[in-house]
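Work through the exercises below with the structure open beside you. Try each task before you read its solution.

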Amino acid sequence: MTSTPRGPADDGRSDQGSPHPPPPVDADLAHELLDGLAEAVLTIDAAGLAVLVNATAAKLLPELAPGSDLARCAVPALAAAVANGTGHFETEHHCRRLRGVRRALTGDRSVWYVRDITDEQGRVEALRAERRRTAFLARTGRQLGLAAHRDQALRAAAALPVPYLADLALVVHLPAMPAEPRPRCSASSTTGAPGATTTTSRCWR
């Protein structure tokens with residue numbers, strides 16, 4: 001085992017216990033860091049007035065500025081959340097979908113973090129639409145595969161798209177040979193209020 005010899009000034013005690021004054025807070029640096037965030041940041045004082053508004057907040061919520069009273073601001077969902085003491089809100093604002101959450105700070109202050117979730121919502125809706133299309137195609141394939149006769153297949157082709165793709169579907173077809181070659185059609189339509197629809201199918205010969 002080896003040890004490092006101590007110098008004359010090294011008596012085994014370190015200066016870790018000696019107090020060091022903290023470095024001064026650089027307000028400009030703090031603002032630059034907040035302006036670089038993708039989230040909107042709004043700090044609120046005890047009176048409910050905005051103190052700090054970062055660059056993203058100025059872009060997403062241009063009505064707000066330092067000194068604004070959030071309980072009376074021009075963003076209704078945010079104003080209602082502040083007035084009711086709710087810790088979150090979600091709303092459409094300037095054609096963007098926004099979601100905000102509130103966090104408490106010391107000294108009766110608080111901060112709101114607001115995210116633009118427009119693209120996220122679009123991806124979710126696109127995924128749901130793709131799942132609906134996949135389910136529709138699977139159901140259509142099963143029912144058409146079970147059609148034992150031509151008329152059953154024609155009626156199914158007219159009925160299946162309603163009301164998933166349209167309120168009315170029409171299939172124009174020629175009769176089976178050797179019948180008279182005059183076009184015929186099968187149709188299906190949906191009537192009634194959403195959620196309580198009635199589907200009717202008709203054939204013309």
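Two strands count as paired if DSSP finds at least two bridges between them. Keep in mind that this is a predicted model.

**Exercise 1. Find the strand partners of Ile44.**

Solution.
Step 1. Look toward S5: Ile44 stands opposite Ser110 there.
Step 2. Look toward S2: Ile44 stands opposite Ala50 there.
Step 3. Now take the whole strands. Five bridges join S1 to S5, and the two run antiparallel. Three bridges join S1 to S2, also in the antiparallel sense.
Step 4. Follow the chain from S1 into S2. This hairpin has five residues between its strands, and Gly48 takes a positive phi near 85 degrees.

**Exercise 2. Write down the order of the strands in the sheet, and name its edges.**

Solution.
Step 1. Recall the rule: strands of a sheet pair through backbone hydrogen bonds, either parallel or antiparallel.
Step 2. Read across the sheet. It is open, has five strands and follows the order S2-S1-S5-S4-S3, with antiparallel pairing.
Step 3. Pick the edges. S2 (50-53) and S3 each pair on one side only.
Step 4. Add the twist: from one strand to the next, the average is 20 degrees.
Step 5. Check one pair inside that order. Seven bridges hold S4 and S5 in an antiparallel pair. Arg99 has Arg115 of S5 as its bridge partner.
Step 6. Place a helix on the sheet. H4 (residues 118-146) lies across S3, S4 and S5, at about 120 degrees to S4.

**Exercise 3. Decide whether S1 is enclosed or open to the outside.**

Solution.
Step 1. Use the cut-off: a residue is buried under 20% relative accessible area.
Step 2. Split the strand by direction. Ala40, Leu42 and Ile44 point one way, Val41 and Thr43 the other way, and all are buried.
Step 3. Conclude. Five of the five residues of S1 are buried, so S1 is largely enclosed by the rest of the structure.
Step 4. Link this to the core. In soluble globular proteins, nonpolar side chains tend to be buried together. Here the largest nonpolar core has 19 residues, and Leu42, Leu61, Leu70, Leu78 and Trp112 have the most contacts inside it. S1 (40-44), S2, H2 (55-60), H3 (76-84) and S5 each supply at least two residues of this core.

**Exercise 4. Describe the surroundings of His93.**

Solution.
Step 1. Locate His93: it belongs to S3 (residues 88-93).
Step 2. Judge its burial. His93 counts as buried because its relative accessibility is 10%, and the limit is 20%.
Step 3. List its neighbours. Leaving out residues up to four places away in sequence, His93 touches Leu60, Leu61, Glu63, Ala74, Val75 and Leu98.
Step 4. Single out Glu63. Its side chain makes a polar contact of 3.1 Å with that of His93.

**Exercise 5. Which features of phi, place and exposure do you find at Cys95 and Asp108?**

Solution.
Step 1. Start from the usual case: most residues other than glycine have a negative phi.
Step 2. Take Cys95. Its phi is positive, near 65 degrees. Cys95 lies in the loop between S3 and S4 (96-104).
Step 3. Take Asp108. Its phi is positive, near 60 degrees. Asp108 lies in the loop between S4 and S5 (110-116).
Step 4. Test exposure, which needs over 50%. Cys95 counts as exposed because its relative accessibility is 73%. Asp108 is exposed too, with a relative accessible area of 67%.

Conventions
Residues are numbered from 1 along each chain as its sequence is written. This is a predicted model: local features need pLDDT of at least 70, side-chain atom pairs count only at pLDDT 80 or more; totals for chains, interfaces and linings use all residues. Side-chain values use heavy atoms; hydrogens and water are left out. Helices (H or I, at least four residues) and strands (E, at least two) are DSSP runs, numbered from the N terminus. Buried means under 20% relative accessible area, exposed over 50%, partly exposed in between (1.4 Å probe, protein chains only). A polar contact is a pair of N or O atoms within 3.5 Å; within protein, one must be able to donate a hydrogen and the other to accept it, and residues adjacent in sequence count only if both atoms are side-chain atoms. Contact means heavy atoms within 4.5 Å. Axes are lines fitted to C-alpha atoms, for helices over the stretch in contact, and angles run from 0 to 180 degrees between N-to-C directions. A nonpolar core is a set of buried Ala, Val, Leu, Ile, Met, Phe, Trp, Tyr and Cys residues joined through side-chain atoms within 4.5 Å.
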